[in-house]
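Colleague: I should like to go through this model with you, one topic at a time. May I put some short questions to you?

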Amino acid sequence: MPKRSPTEAVSAADRALAARVARLFYLDDRSKVQISESLGVSRFKVARLLDLALNEGIVTISIDDGGMLDEALSERAGEVLGLERVTAVSAFGTLDEVRGTVGREAARLLSTTLRDGETLGMGWGRALGSTAEAIESLPQVSVVQMTGATEMTRHLSPVEVVRRIGNHSGGDMLPLFAPLVADDEETAEVFRRQSDIARVLDHHRDVTTAVMAVGSWNPPSSQLYNSLSPEARQELLAQGAVAEIGVTLLDRDGGEVASDFAKRCIAVTTERLRAIPRVIAVAAGTEKATAVVALARSRLISELVVDAELAEAAIAVAEQTGSNA
């Protein structure tokens, strides 16, 4: 039924009758025939009154399917990207809302698949902040911070991510009180030699499950990218960087680029990340499609948690560029 024009007035009596019909139909589960017989009006008028109730805002209908797992899409993405598991969920709203939905799914996955005695490594990113906020219970696991921090944002810091998750796990908490990127290699090495930082970095070898953010460099959607000077960004982009995981930069085919850059950073190394049995990447937003494909091709991740639109976009990129995942 087309919406009425502004010149068409609806009487108070019509609105009241429309509300009564809507209540009988939607809440009392009465059929249109039953309503017409009960009120002594035709079935056609009942239908018109139901349309009126919708048009006037007396009745509003919403579908809450955010966070629902798309099993067919998840399976398809896993096949195309060559990953052990892809979890693709329906997500709607602003990008922050989509991140929240994806983060909640990542939290659910950790709660149901981690086992007592594991060591959980947590990276940093906005979706991982949502993951930490959504976790309600975990097996008893130790939690280790995988990267240093850039400047504070309105999202959870990596230290806060570790603290929140550790409070639910009951295991050891190992925060990394260090910057993510130092001014130069010598300064970074000084940080890495400090006993409290060295202790956390050494525990990276104990990680059994790591949860890492996906950073996109082209187009840019990365806190690491944002923390660098324009000159440093351009230099790394010129070397082919399209994605990052931790501080490992990757090209479109998943090959590591600008490996010397990591020498300025305090974070899990590529070698240690590759040795972790289970690495879950968490990402939201279709602008990260190329980055997701690069990470899948790198073999640095085994699982992926994303929104459905990003999963579809990643499949398209992989198929268009020739998947070697």
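**A conversation about the model**

Modeller: L54 is found in helix 3. Please keep in mind that this is a predicted model.

Colleague: Is L54 buried, partly exposed or exposed?

Modeller: L54 is partly exposed, because its relative accessible area is 34% and the partly exposed class lies between 20% and 50%.

Colleague: Which residues form the nonpolar patch on the surface?

Modeller: The patch is formed by Y26, L27, L54 and I61. Together these residues have about 400 Å² of accessible area.

Colleague: And which residues make up the negative patch?

Modeller: The negative surface patch consists of D183, D184, E185 and E186. Two of its members can be placed as follows: D183 is in the loop between strand 4 (173–174) and helix 8, while E185 belongs to helix 8, residues 185–193.

Colleague: How exposed are D183 and E185?

Modeller: D183 counts as exposed because its relative accessibility is 72%. E185, at 35%, counts as partly exposed.

Colleague: How far is the C-alpha atom of D183 from that of R264?

Modeller: The separation is 6.9 Å, although D183 and R264 are 81 residues apart along the chain.

Colleague: Let us turn to salt bridges. How many does the structure hold?

Modeller: It holds 13 salt bridges. As a general point, side chains of opposite charge can pair when their charged atoms come close.

Colleague: Which residue does R15 pair with?

Modeller: R15 forms a salt bridge with E56, at 2.8 Å from N to O. This pair links distant parts of the chain, 41 residues apart: R15 lies in helix 1 (residues 12–27), and E56 lies in the loop between helix 3 (43–55) and helix 4. R15 itself is partly exposed, with a relative accessible area of 33%.

Colleague: Which salt bridge involves E160?

Modeller: The side chains of E160 and R164 meet in a salt bridge, at 3.2 Å from N to O. Both residues are in helix 7 (residues 158–169), and because they are four residues apart there, about one helical turn separates them. R164 is partly exposed, with a relative accessible area of 30%.

Colleague: What does E189 pair with?

Modeller: E189 forms a salt bridge with R193, and the closest N and O atoms are 3.9 Å apart. These two residues are four apart in helix 8, so about one helical turn lies between E189 and R193. E189 is partly exposed at 31% relative accessible area, whereas R193 is exposed at 58%.

Colleague: Which residues are joined into one network of salt bridges?

Modeller: R85, R278 and E303 are joined into one network by salt bridges that share partners.

Colleague: Now the interior. Which residues of helix 4 are buried?

Modeller: In helix 4 (residues 71–81), the buried residues are L73, S74, A77, G78, V80 and L81. They pack against strand 1 (85–89), helix 13 (289–298), strand 12 (303–307) and helix 14 (308–321).

Colleague: What comes just after helix 4?

Modeller: G82 is found there, with a positive phi of about 70°.

Colleague: Which residues other than glycine have a positive phi?

Modeller: Among them is D29, with phi near 60°. D29 lies in the loop between helix 1 and helix 2 (32–39), and it is exposed, with a relative accessible area of 69%. Another example is R299, whose phi is about 65°. R299 is in the loop between helix 13 and strand 12 and is partly exposed, at 47% relative accessible area.

Colleague: Where is S302, and is S302 buried or exposed?

Modeller: S302 is in the loop between helix 13 and strand 12. At 9% relative accessibility S302 counts as buried, because buried means under 20%.

Colleague: What does S302 touch?

Modeller: Leaving aside residues up to four places away in sequence, S302 touches L83, E84, R85, P277, R278 and V279. Of these contacts, R85 and R278 also appear in the salt-bridge network with E303.

Colleague: One last topic: which residues does a cis peptide bond join?

Modeller: A cis peptide bond joins N218 and P219, with omega of about 5°. P219 is in the loop between strand 6 (215–217) and strand 7 (220–221).

Definitions and conventions. Residues are numbered from 1 along each chain as its sequence is written. This is a predicted model: local features need pLDDT of at least 70, side-chain atom pairs count only at pLDDT 80 or more; totals for chains, interfaces and linings use all residues. Side-chain values use heavy atoms; hydrogens and water are left out. Patches are made of residues with over 30% relative accessible area and no salt bridge: like charges are joined within 9 Å, nonpolar side chains (Val, Leu, Ile, Met, Phe, Trp, Tyr) within 5 Å. Accessible areas come from the Shrake-Rupley method with a 1.4 Å probe; for residues, only the protein chains shown count as cover. A salt bridge is a side-chain nitrogen of Lys or Arg within 4 Å of a carboxyl oxygen of Asp or Glu. Lys and Arg count as positive and Asp and Glu as negative; His and the chain ends are not counted. The place of a charge is taken as NZ of Lys, CZ of Arg, CG of Asp or CD of Glu. Buried means under 20% relative accessible area, exposed over 50%, partly exposed in between (1.4 Å probe, protein chains only). Contact means heavy atoms within 4.5 Å.
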